[in-house]
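Welcome to this short briefing, meant to be read with the structure open beside you. Take a moment to rotate the view before moving on to the notes.

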Amino acid sequence: MGVMKSLFSGKQMSEAFICSAFLALSGGFQDAYTYNTRNEVFSNAQTGNVVLMSQNFMTGKWEAGLKYLFPLFAFALGVLIAEQIQNKYKYARRLHWRQGILGAEILILFVVGFIPQRGNMIATVLVSFACAMQVQSFRKVNGFSYASTMCIGNLRSGTAALSFYLREKKPEQLRQAMYYFGIIVLFAVGAGIGGNLSANYGIHMIWVSCGLLIVSFLLMFLDIESRRNER
């Protein structure tokens with residue numbers, strides 16, 4: 001019972017661990033997918049793209065460098081648009097604005113599954129754009145700031161929380177650390193599954209990521225229903 005409560009607890013369903021779990025699985029899956037099927041470009045790990053872009057530009061490989069630059073621009077645009085959507089639809093009642101973001105992301109990734117490999121640049125740009133909207137929109141798990149599509153910030157925050165716990169022995173600090181480490185593990189599981197499926201079965205496997213996001217999308221209806229019942 002306590003485990004179930006911790007999975008579903010949160011100010012709203014979009015912050016519940018269960019919802020974040022499927023987002024993290026999908027985030028890892030997307031990164032492995034683009035790396036394995038779309039010319040070894042990262043959709044989420046933009047730091048890796050910056051390193052590879054700079055390396056190619058400085059050795060005169062301009063065309064190779066551009067395939068890492070365009071996803072960076074797409075990521076920035078995704079963050080910008082997600083923030084604008086939040087500002088405009090923050091108080092929407094019928095559909096939570098984050099569900100709207102997820103719906104758009106699912107649609108984009110579904111389209112990506114049809115893009116042949118000669119359109120790898122377009123596919124990677126679209127996945128990076130969708131990923132950015134997700135990471136901008138879902139930034140908390142049970143009240144703790146986190147990222148559902150990358151690990152470095154979660155690793156820092158989780159380790160810091162663990163250090164606080166070792167010093168102060170507050171259960172809340174250990175719980176916080178476990179949330180972060182749990183998200184990292186789920187991201188890794190998603191990446192492992194995504195890497196293997198993509199390498200063996202090709203471009204259509206991004207649809208698995210769509211399925212994971214649909215679960216989070218549907219879970220958020222529980223939050224809308226509970227608010228209606230409170231009235």
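## A guided look at the model

Tyr201 lies in helix α8. We will come back to that helix shortly, but please keep in mind from the start that this is a predicted model. The protein is built from 9 helices and 2 strands, and the notes below go from the overall picture to single residues.

**Overall architecture**

- Reading from the N terminus, the order of elements is α-α-α-α-α-α-β-β-α-α-α.
- The radius of gyration is 18 Å, which agrees with the value near 17 Å that a compact globule of 231 residues would have.
- Along the principal axes, the C-alpha atoms fill a box of roughly 55 × 45 × 35 Å.
- If you take the contacts between residues at least 6 apart in sequence, 73% of them join residues at least 24 apart.

**Surface and charge**

- Of the 231 residues in the protein, 47% are buried.
- The protein exposes about 12000 Å², and 66% of this area is supplied by carbon and sulfur atoms.
- There are 21 positive and 11 negative side chains, and the centres of these two sets lie 4 Å apart.

**Helix α2 and the loop after it**

- Helix α2 covers residues 17-37, and its 21 residues reach 30 Å from the first C-alpha to the last, close to the 30 Å expected at 1.5 Å a residue.
- This helix is largely enclosed by the rest of the structure, because 18 of its 21 residues are buried.
- Cys19 is a good residue to look up here: it is found in α2 and is buried, with a relative accessible area of 0%.
- Beyond its neighbours up to four places away in sequence, Cys19 touches Met13, Ser14, Ser216, Leu219 and Met220.
- Cys19 and Val51 are 32 residues apart along the chain, and their C-alpha atoms are separated by 32 Å.
- Just after α2 comes Asn39, with a positive phi of about 65 degrees, although Asn39 is not a glycine.
- Asn39 is found in the loop between α2 and α3, the latter spanning 46-58.
- With a relative accessibility of 44%, Asn39 counts as partly exposed.

**Helix α6 and Thr124**

- Thr124 has its place in helix α6, which runs over residues 120-137.
- Is Thr124 buried or exposed? Thr124 is buried, since its relative accessible area is 2% and the cut-off for buried is under 20%.
- Its contacts, not counting residues up to four places away in sequence, are Arg38, Val41, Phe42 and Pro71.

**From β2 to α7: Ala147**

- Ala147 is found in the loop between β2 (144-145) and α7.
- Although in a loop, Ala147 is buried, with a relative accessible area of 14%.
- Leaving aside neighbours within four places in sequence, Ala147 is in contact with Val135, Asn154 and Ile183.
- Ala147 and Ser20 are 127 residues apart in sequence, and their C-alpha atoms are 9.2 Å apart in space.

**From α7 into helix α8**

- Lys169 lies in the loop between α7 (152-168) and α8.
- Phi of Lys169 is near 60 degrees, which is a positive value in a residue other than glycine.
- Lys169 is exposed, and its relative accessible area is 52%.
- Helix α8 spans residues 171-201; its 31 residues reach 44 Å from the first C-alpha to the last, close to the 45 Å expected at 1.5 Å a residue.
- Back to Tyr201 in α8: this residue is exposed, with a relative accessible area of 60%.
- How far apart are Tyr201 and Ser157 in space, C-alpha to C-alpha? They are 36 Å apart, with their positions 44 residues apart in sequence.
- Gly202 follows α8, and its phi is positive, near 90 degrees.

**Residues to click on**

- For buried positions, try Cys19, Thr124 and Ala147.
- For exposed positions, try Tyr201 and Lys169.
- For positive phi values, have a look at Asn39, Lys169 and Gly202.

Terms used. Residues are numbered from 1 along each chain as its sequence is written. This is a predicted model: local features need pLDDT of at least 70, side-chain atom pairs count only at pLDDT 80 or more; totals for chains, interfaces and linings use all residues. Side-chain values use heavy atoms; hydrogens and water are left out. Helices (H or I, at least four residues) and strands (E, at least two) are DSSP runs, numbered from the N terminus. The radius of gyration is taken over C-alpha atoms; the globule rule is 2.2 Å times the number of residues to the power 0.38. Buried means under 20% relative accessible area, exposed over 50%, partly exposed in between (1.4 Å probe, protein chains only). Contact means heavy atoms within 4.5 Å. Accessible areas come from the Shrake-Rupley method with a 1.4 Å probe; for residues, only the protein chains shown count as cover. Lys and Arg count as positive and Asp and Glu as negative; His and the chain ends are not counted. The place of a charge is taken as NZ of Lys, CZ of Arg, CG of Asp or CD of Glu. The expected span of a helix is 1.5 Å times one less than its number of residues.
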